[in-house]
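Biologist: I have the model open. Please take me through the packing, the strands and the charged pairs.

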Amino acid sequence: MKKRIWIAAVAAASLITLNGCLAETYPLTEEEQNIIAEYAAGVLLRSDATYTQALLTPTPLPNPSPKLTKAPTPTPAEKNDGKGSASKGDSEVKENSSLNDVYGLEGLLVEYDSYEVVDQIKETGGYVVPFESGKKLVKLKFTLTNTAGIDQVFDFSKQNINYQLDCKENSFITPMITALSGDMLYMKATLAPGESCDGYVIFRIPEKAESKINNVIISRDSYTSIVSLKEK
């Protein structure tokens, strides 16, 4: 016991000396002074089996320490209902990538051309996207150009591009999968240097939404492009 009192006295004297040295340059709060005193006593008494841990606890630091993170670019929330539509979320796209960033194929230039609204689509060779009562077909046309100096094959079926048509409905409209030549959901195009071809994305919309067609949202991974539509 006498040993503990003696050591505590030494610790207190050390604190007075230390505090006097530090006060001139680094003023300490009462809590900080108590922490230093407790630490000094703990160092001196740590070999004493009867010594218990400090009762003073310094203000804890955040764990883990806060780190700056880059906020992800929000994209329209999708919830496919199995009927060719996706529910609109509360998020809004903050950044608008270029179409070339979205498609991400080196040597490929993608440009939106136009759209048209029709009852049905007939293709040379006999393929038909048929008429459906109370519905309209929206045919988006894109121009695809090989900007490289060599022949290139562009396989769009492997890109996982998402398309959502905004026509002021309660949900975004997702595209139809068709056997139409140039359907960009699955087409595979071989282009010579400088050569271009047309690509299409087809949507079926409620007839009442024809006059409300606004834009198409095209995205892949963290890239999202909002294309304002103009009629052909």
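**Packing and pairing**

Biologist: Which residues does isoleucine 218 touch, leaving out those up to four places away in sequence?

Modeller: Isoleucine 218 touches Leu99, Val102, Tyr103, Phe142, Ile161, Asn162, Tyr163, Tyr223, Thr224, Ser225 and Val227, with residues up to four places away in sequence not counted. Contact here means heavy atoms within 4.5 Å.

Biologist: Before we go on, what should I know about the model and its numbering?

Modeller: This is a predicted model, in which local features need pLDDT of at least 70 and side-chain atom pairs count only at pLDDT 80 or more, while totals for chains, interfaces and linings use all residues. Residues are numbered from 1 along each chain as its sequence is written, and side-chain values use heavy atoms, with hydrogens and water left out.

Biologist: Which residues touch the most other members of the largest nonpolar core?

Modeller: Leu140, Phe142, Phe203 and Ile218 do, in a core of 33 residues. A nonpolar core is a set of buried Ala, Val, Leu, Ile, Met, Phe, Trp, Tyr and Cys residues joined through side-chain atoms within 4.5 Å. Buried means under 20% relative accessible area, exposed over 50%, and partly exposed in between, with a 1.4 Å probe and protein chains only.

Biologist: Which elements give two or more residues to that core?

Modeller: They are helix H3 (99-103), E2, E5, E7, strand E9 (188-191), E10 and E11. Of these, E2 gives the most, with 5 residues. Helices (H or I, at least four residues) and strands (E, at least two) are DSSP runs, numbered from the N terminus. Apart from this core lies another one, of 7 residues, including Ile121, Leu137, Tyr200 and Ile202.

Biologist: Next to Ile218 in the chain is serine 219. Is serine 219 buried or exposed?

Modeller: Serine 219, in strand E11, is buried because its relative accessibility is 9%. Its C-alpha is 5.9 Å from that of isoleucine 161, a residue 58 places away in sequence. Beyond four places in sequence, serine 219 is in contact with Val102, Asn160, Ile161, Asn162 and Thr224.

Biologist: Now the sheet. In what order do the strands of the open sheet run?

Modeller: The order is E2-E5-E10, with 3 strands in antiparallel pairing. Strands E2 (108-118) and E10 (196-206) are the edges, each pairing on one side only. Two strands pair if DSSP finds at least two bridges between them. Neighbouring strands of this sheet are turned by 20° against each other on average, direction ignored; the axes are lines fitted to C-alpha atoms, and angles run from 0 to 180 degrees between N-to-C directions.

Biologist: Over how many bridges do E5 and E10 pair?

Modeller: Strand E5 (residues 135-146) and E10 pair over 11 bridges, in the antiparallel sense. One bridge partnership joins lysine 139 and isoleucine 202 of E10.

Biologist: Lysine 136 caught my eye. What does its side chain join in a polar contact?

Modeller: The partner is the side chain of aspartate 119, at 2.7 Å. A polar contact is a pair of N or O atoms within 3.5 Å; within protein, one must be able to donate a hydrogen and the other to accept it, and residues adjacent in sequence count only if both atoms are side-chain atoms. Lysine 136 lies in strand E5 and is buried, at 15% relative accessibility.

Biologist: How many salt bridges does the structure hold?

Modeller: There are 6. A salt bridge is a side-chain nitrogen of Lys or Arg within 4 Å of a carboxyl oxygen of Asp or Glu. In one of them, glutamate 132 pairs with arginine 204, the closest N and O atoms being 3.4 Å apart. Glutamate 132 lies in the loop between strand E4 (128-129) and E5, and arginine 204 in strand E10, so the pair ties together parts 72 residues apart in sequence. Glutamate 132 is partly exposed at 36%, whereas arginine 204 is buried at 16%.

Biologist: Which residue forms a salt bridge with glutamate 169?

Modeller: Lysine 208 does, with the closest N and O atoms 3.0 Å apart. Glutamate 169 sits in the loop between strand E7 (162-166) and strand E8 (171-173), and lysine 208 in the loop between E10 and strand E11 (215-220), so the pair ties together parts 39 residues apart in sequence. Glutamate 169 is buried at 15% relative accessibility, and lysine 208 is exposed at 55%.
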